[in-house]
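Student: Can we go through this model together? I want to start with the ligand contacts.

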Amino acid sequence: MPPNTSIRWGLIGASDIAKTRMIPAMRALPDCQVTAVLSSSSSRAKTYANENGIPRGYQDLQKFLQDPEVDAVYISTTNELHATQAIAAANAGKHVLSDKPLALTLTDAEAMVATAKQNNLVFGTNHHLRNAVIHRKMRQLIKQGAIGKPLAARVFHAVYLPPRLQGWRLTKPDAGGGVVLDITVHDADTLHFLLDDDVEDVVARSAQQGLGQGDVEDAVMGAMYFRNGTLAMFHDSFAIKHTQTGLEVHGTEGSLIAKNVMTQEPVGEIYFCRDGVCKEVDVGPRENLYVHSLRHFNSAIRGQGQPFASGEDGIRSLAVGLAVKEAAKTGQRVSVKYHS
Ligand code: NDP
């Protein structure tokens, strides 16, 4: 695309995340416009378009994809719909940024990424956390050897699901509801990003602690074992009201302790600890996570660099999420299967 033309985004899904995070992020960038939205309901498409100042609302996917003023699509429908919509969009020549989990099966996720590749289009996964300066700084410190060999990680990603989001996530397993595909996939992506390592196998126990209905879990704890020997424990929940999130990585030469960092905001602190003394790390300027993600995606469309989280990253985090679900269901240790 020519450098001074805008990238025109179409939204697949009249969702909360598009409204609260992605539309503002698109508008914060000088080279982005939001031109269309697709909803399964024509009245919701119209209302959403009006309320969010979007020129056109569609109910029909094919008509939406024929809009010549859509260069790229951002997919944030419920999870069972991502694959069909991403494949149709890529076949219509649109670049695809899909929210996570990419799909409900590895086969579908692989087909999404492969279709974009076959059509020479950019495909990215909206794993926002690795876009945070805090996580980028932790990765840099780990790579530089500040903590020596990473031995252990601890992820505290238990939150209280806001009442406005207490819908399909808690009631619809067929839509990919449940805390594992919602939150654990983010843990998997963030740990992979920090450690540059893949999870070999997992153990897990899930539970219902007041919000999940039917078969849908609203809490999970477990452990991931990485190929280079790092052990990571995780606690993900929709039902915990009174604490903050956190992420720690402990190595042979030091520890990184990050507080309030598994969040959508560019907040939180990192402490570097050695011999029992902890000092706060200066992380520099803080950019909105979603703006950072979109900036990289737009540059990739212009032929410069890659999306900050690729399609392969989305497949990888889904693979870990599916293994955690299986481990919680069977009570067995489960090897992560990265290909269908
Ligand atoms: P929402 O529940 O807000 O939206 C999902 C779908 O629900 C929409 O596409 C819409 O369907 C339908 N919907 C929304 N409002 C209504 C309504 N009032 N009545 C009937 N249907 C409605 O989901 P989220 O925004 O929370 O999540 C969407 C996706 O984004 C998921 O894949 C999730 O995992 C991901 N996500 C990612 C985050 C991140 O930071 N990376 C954070 C939050 C979510 P339609 O489009 O047909 O109108």
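Student: How far is the ligand oxygen from the polar backbone atom of Ile 17?
Tutor: The distance is 2.8 Å in this predicted model. The partner on the protein side is a polar backbone atom of Ile 17. Asp 16 also has a polar backbone atom 2.7 Å from an oxygen atom of the ligand.

Student: And Lys 100, what does a backbone atom there do?
Tutor: A backbone N or O atom of Lys 100 is 2.8 Å from a ligand oxygen. Overall, the protein covers 76% of the ligand's own 890 Å² of accessible area.

Student: Which pocket does the ligand sit in?
Tutor: The largest pocket. Elements giving two or more residues to the shell are α1 (16–28), α7 (168–171) and α8 (179–195).

Student: What classes of residue make up the shell?
Tutor: There are 13 polar, 6 charged and 6 nonpolar residues. Of the 25 around the ligand, Asp 16, Ser 39, Ser 40, Asn 79 and Tyr 290 come nearest.

Student: Why does the ligand lie between the domains?
Tutor: Because domain 1 (7–128 + 290–307) and domain 2 (130–287 + 319–335) both contribute residues to its shell.

Student: New topic: backbone geometry. What kind of peptide bond joins Lys 100 and Pro 101?
Tutor: A cis one, with omega about -20 degrees. Pro 101 is in the loop between β5 (95–98) and α5 (106–118).

Student: Which sign does phi have at Asp 196, positive or negative?
Tutor: Positive, about 55 degrees, although Asp 196 is not a glycine. Most non-glycine residues have a negative phi, and most peptide bonds are trans.

Student: Where is Asp 196?
Tutor: In the loop between α8 and β8 (199–207).

Terms used: Residues are numbered from 1 along each chain as its sequence is written. This is a predicted model: local features need pLDDT of at least 70, side-chain atom pairs count only at pLDDT 80 or more; totals for chains, interfaces and linings use all residues. Side-chain values use heavy atoms; hydrogens and water are left out. A residue is near a molecule or strand if one of its heavy atoms lies within 4 Å of it. A polar contact is a pair of N or O atoms within 3.5 Å; within protein, one must be able to donate a hydrogen and the other to accept it, and residues adjacent in sequence count only if both atoms are side-chain atoms. Accessible areas come from the Shrake-Rupley method with a 1.4 Å probe; for residues, only the protein chains shown count as cover. On a 1 Å grid over the protein atoms alone, a cavity is a set of points where a 1.4 Å probe fits but cannot get out, and a pocket is an open set with protein on both sides within 12 Å along at least five of seven lines; lining residues have an atom within 4 Å of a point. A molecule sits in a cavity or pocket if more than half of its atoms lie within 2 Å of its grid points. Helices (H or I, at least four residues) and strands (E, at least two) are DSSP runs, numbered from the N terminus. Ala, Val, Leu, Ile, Met, Phe, Trp, Tyr, Cys and Pro count as nonpolar, Asp, Glu, Lys and Arg as charged, and the others, Gly among them, as polar. Domain bounds come from an automatic or database domain assignment.
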